[in-house]
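I am opening a fresh notebook page for a structure that is new to me. I will go from the whole chain down to a single side chain.

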Amino acid sequence: MRIAAALAALLLLATACATPEPEPADVARPQAGPVRGVVTEHQRQFLGIPYAAKPARWEPPRPAEPWTEPRDATKPGSLCPQEGTEYAKTSSTNEDCLFLNITTPKTGEGKPVLVWIHGDGVVGGGSLFDPSALVRTGDAVVVTVNYRLGVFGAFGYPGLVGSGTFGLQDQQAALRWVRDNIAAFGGDPGNVTLMGESYGAQAVSAHLIAPASAGLFHRAVLQSPMTLLDMPAGALMPGLEAGPWLAWRSTEEVTGVGAAMAAQAGCADPATALDCLRALPAEQLFPLMRVFQAVAYGNDVLPDAPDAAYEQGKFHQVPVLLGTTRDEHRTFVGLFYELAGQPVTAESYPGLLRNAFGDKADRIAAEYPLSAFPSPGIAWADVLTDHLWARGTDRLANLIAARNPLYTYEFADREAPSYLPFPDTFPTGAYHAAEVPYLFRDAGFERDAKPPQKELSEAMIRYWTGFARTGVPAADGLPAWPPREVLSLAPDGIRPVDFAAEHRLGFWAALG
């Protein structure tokens, strides 16, 4: 027995003193289990990592089941359920979709982390964005996230806990996963920047006021947020009714719409409606995707109405980078009016103004006369760019700047490459989402962008990753970016711009 004990002690000592075999560079070890990714010349990439289990329909996300053997992380996980559109040919019916993707520099630890919440409303996924340029130029770790969309992420029904917030809860689960695991990929869990564009920026603005999101991120980037945008009649597309907000609804409204939609879907009995709806194939819910796009407030996840929360200073104290594009609303007029076969004409323009703005229409028509624009569609787009995006973003900026460090910009490349199916006759300008490929440089951008545009892209990446690193968008050789001064980002120069004058904010303030 003594000999056996001695041999065991010697074996234990030898094991403790032995130099372990070096782990392959493409294996990382988050808490749930090891993952094997891909190593290239400049980066490591891990795709399709589950940050939560397959979600039960309209229930909060749950932790992923752990594993022991290295999990293949060389391919993206499934997109969340969605139906393709004219501008995004994506589709999925798979509800097992709560995956994230991590791209990290090849070596080093303690890197700043950017978590990207994609936009596009009811389509898209994290794996559709290539963060290689951000990683390579900015020496940062980038995480892109899938989350439940449309009716799967924002459905509501009377008595359903979490109504209107399931997609937002997915994002919170992803942020908790990043906090607990990103160090295994070289990232600093104490330096996380939450970043989004359009609907993704709307989500970031929600996390800024969501109590459970406190401490999960340390800086925020909002690109074209819809946070304080109202919705005049016909603003997004012909015939759409007016609403108080473009992208929010009260929980009461969401659950009321849910009850009505359930009845139309053949699930009218309140006692069985949820079970009935949960049993439907995913594709049978696709007609409701846009009906349930707005995030709900007045609940445990988002207790306060967004305007009240921002006006009362009830948002997390983190540095914020906030901006818009020069011609935001050309995207919506180009796609949902011109491309849809209902172009704005000289005859229809006055009626659109009356429908949207009532007795203020004549004064707006005098301020935005058709003679000043290349087409009626561009006139209508400029009216809504200024009324919705510029006015709403300026209000949000003023409220945030009262408490938080704030840096504001306007993306102004009016010849930005376009990947949306705009009609050839419609000048796109610096359209909504035009700046995204300047940060996530895909093959189309590398092919189509001119050298000055690529130089602007490099500058933007350095600004964004500088902000992620220090809370200040700055880098050697770039123009200074003073707090609260709107910086115009264009290939012909980066310089301050008189945002209020450019978008006639004085006129809109006087109009009331």
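The entries below record what I looked up, in order.

Entry 1, the model. I noted before anything else that this is a predicted model, and I read every value below as a computed one.

Entry 2, overall form. I counted the secondary structure of the chain and found 17 helices and 16 strands. I then checked the radius of gyration, which is 24 Å, and this agrees with a compact globule of 512 residues because such a globule would have a value near 24 Å. The box that holds the C-alpha atoms, taken along the principal axes, is roughly 100 × 65 × 45 Å.

Entry 3, contacts and surface. Looking at contacts between residues at least 6 apart in sequence, I saw that 75% of them join residues at least 24 apart. Of the 512 residues, 57% are buried, while the chain exposes about 20,700 Å², with carbon and sulfur atoms supplying 54% of that area.

Entry 4, charge. I listed 39 positive and 56 negative side chains, and the centres of the two sets lie 4 Å apart.

Entry 5, the core. Which residues have the most contacts inside the largest nonpolar core? I found that they are Tyr51, Val115, Trp380 and Trp464, in a core of 158 residues. Helix α12, residues 376-401, gives the largest share of this core, with 12 residues.

Entry 6, one core residue. I followed Trp464 beyond its neighbours within four places in sequence, and its contacts there include Met195, Val221, Gln223, Leu321 and Tyr409. Leu439, Trp481 and Leu489 are also in contact with Trp464.

Methods: Residues are numbered from 1 along each chain as its sequence is written. This is a predicted model: local features need pLDDT of at least 70, side-chain atom pairs count only at pLDDT 80 or more; totals for chains, interfaces and linings use all residues. Side-chain values use heavy atoms; hydrogens and water are left out. Helices (H or I, at least four residues) and strands (E, at least two) are DSSP runs, numbered from the N terminus. The radius of gyration is taken over C-alpha atoms; the globule rule is 2.2 Å times the number of residues to the power 0.38. Buried means under 20% relative accessible area, exposed over 50%, partly exposed in between (1.4 Å probe, protein chains only). Contact means heavy atoms within 4.5 Å. Accessible areas come from the Shrake-Rupley method with a 1.4 Å probe; for residues, only the protein chains shown count as cover. Lys and Arg count as positive and Asp and Glu as negative; His and the chain ends are not counted. The place of a charge is taken as NZ of Lys, CZ of Arg, CG of Asp or CD of Glu. A nonpolar core is a set of buried Ala, Val, Leu, Ile, Met, Phe, Trp, Tyr and Cys residues joined through side-chain atoms within 4.5 Å.
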